[in-house]
Amino acid sequence: MEASSGPSPRLKMEVAAGLSPRIHSIVANNGKDDDPDHQKSEFASADYRSISNHHFHSMNALEILRETVRILRYNAGGFIAIAAFLICPVSAVLLSNILVNQSIVKALTIKLLLVAKSCGLPLEPFVTKSCQKFSEMAVSTVIGFPLYITSSLLSKAAVVYSVDCTYSRKHVDSSKFFVIVRKIWKRIVVTYLWTCVVIVSCLVSFFVLLVAVSSAFSVMGFPPDLILYPAMVVGLIFSIILANSIIICNIAIVISVLEDASGTKALMRASSLIKGQTQVGLLIFLGSTIGMAFVEGLFEHRVKTLSYGDGSSRIWEGPLLVIMYSFVVLIDYMMSAVFYFSCKSSRMEASNIEIRTALEESTVPLESTDTH
């Protein structure tokens, strides 16, 4: 991974207020770093210099997207490498469902339909399609779990590390990243496993509540067509709860990379950190989900299903859609990291606290060992 020169215009966050721990420590040592690459990065961006005195404030979803694009532009090489070597393989497996056994999916779909029918829900196309999609997602997640806990998790850590380096105006060193990630890998994996527990718990709670509500209306004598409406209300409420849980889980992964926290501690810290910023997180999640669903739909229609021509376009449309999906995933990871820094900086500004990230502390011995 190779970084380009200089951070984004918003990356300089009013150091005097103690907004960003990494930026504060770097600027405090300004003039002590004789690295020509560092000096080059100081003057690489004219727009960076033009707004360097602007006061930082909590960013909304659109500003976070703009900030993400700026970071991507300044460190394009590193992020493209992450997408190509770590995200694309997972995206290809996820979109193609190459590891999914359709017989298992069909059996699980039938069981879910039987449960829905026993609860009084009508077996309409919407219910049938929902059961099938959930079955595919569940089987794909279970079978692809080794990929998610290795390549996908490593790509998240790499993105967070790269964003952090961009904020601290340092070049991304892939060898240093792998040394660091070996030290913090255990806490990242522990945090990821706990996020899985949280999401699975939400899903189980949803199904229990859905069955209970549907069964209650069925016992009261409501027709199946009417039972569908309270079930949809439960689904809507669940979607909001699940979205909040996923946002907290994403920030917890970022925290496990940048701070000395893991597992439930990282989850609790993430939950506390995004207070007052939940709407921003929901908009980020909604945008990312829509983008991924759009590309998945295109892949389903133009690659899996032969709906036009002789199918020769699959040769180039398949890889193109995998690249598009990987790019959306990359932007989602980056926005989660930027969202973390936005929440962290505004929180530190309000409390006038300076916090040195654990990732920065872990780089100190590395830099000293490099000199020997």
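User: Why is alanine 337 called buried?

Analyst: Alanine 337 has a relative accessible area of 0%, and buried means under 20% (over 50% is exposed, in between is partly exposed, with a 1.4 Å probe and protein chains only), so alanine 337 counts as buried. Please keep in mind that this is a predicted model, in which local features need pLDDT of at least 70, side-chain atom pairs count only at pLDDT 80 or more, and totals for chains, interfaces and linings use all residues. Residues are numbered from 1 along each chain as its sequence is written, and side-chain values use heavy atoms, with hydrogens and water left out.

User: Which residues does alanine 337 touch, and what makes that a contact?

Analyst: Leaving aside residues up to four places away in sequence, alanine 337 touches Val160, Val163 and Val254. Contact means heavy atoms within 4.5 Å. Alanine 337 sits in helix 13 (residues 314-351). Its C-alpha is 9.3 Å from that of isoleucine 253, with the two positions 84 residues apart in sequence.

User: What counts as a helix here, and how many helices are there in the chain?

Analyst: A helix is a DSSP run of H or I with at least four residues, and a strand is a run of E with at least two, numbered from the N terminus. By that rule the chain has 14 helices and zero strands. Of its 372 residues, 47% are buried. Among contacts with a separation of 6 or more, 80% join residues 24 or more positions apart.

User: Why are helix 5 and helix 8 called roughly antiparallel?

Analyst: The axes of helix 5 (residues 76-96) and helix 8 (residues 145-167) cross at roughly 155° and come within 10 Å. Axes are lines fitted to C-alpha atoms, for helices over the stretch in contact, and angles run from 0 to 180 degrees between N-to-C directions. Angles over 145 degrees count as roughly antiparallel, under 35 as roughly parallel, 65 to 115 as roughly perpendicular and the rest as oblique. Helix 5 and helix 8 are therefore roughly antiparallel.

User: Which residues form that contact, and what makes a residue nonpolar?

Analyst: Helix 5 contributes Phe79, Ile82 and Leu86, among others, while helix 8 brings residues including Leu147, Tyr148 and Ser151. The contact has 13 nonpolar, four polar and no charged residues. Ala, Val, Leu, Ile, Met, Phe, Trp, Tyr, Cys and Pro count as nonpolar, Asp, Glu, Lys and Arg as charged, and the others, Gly among them, as polar.

User: How are helix 10 and helix 11 packed?

Analyst: Helix 10 (residues 224-258) and helix 11 (residues 263-273) pack at an angle of about 115°, with their axes 8 Å apart. Among the residues that meet are Ile248 and Cys249 of helix 10 and Ala266 and Arg269 of helix 11. By class, this contact has nine nonpolar, one polar and one charged residue.

User: What makes the phi of asparagine 97 stand out?

Analyst: Most residues other than glycine have a negative phi. Asparagine 97 is not a glycine, yet its phi is positive, about 55°. Asparagine 97 belongs to the loop between helix 5 and helix 6 (102-118), and is buried at 15% relative accessible area. Arginine 169 also has a positive phi, near 60°. Arginine 169 lies in the loop between helix 8 and helix 9 (174-219), and its 11% relative accessibility makes it buried.
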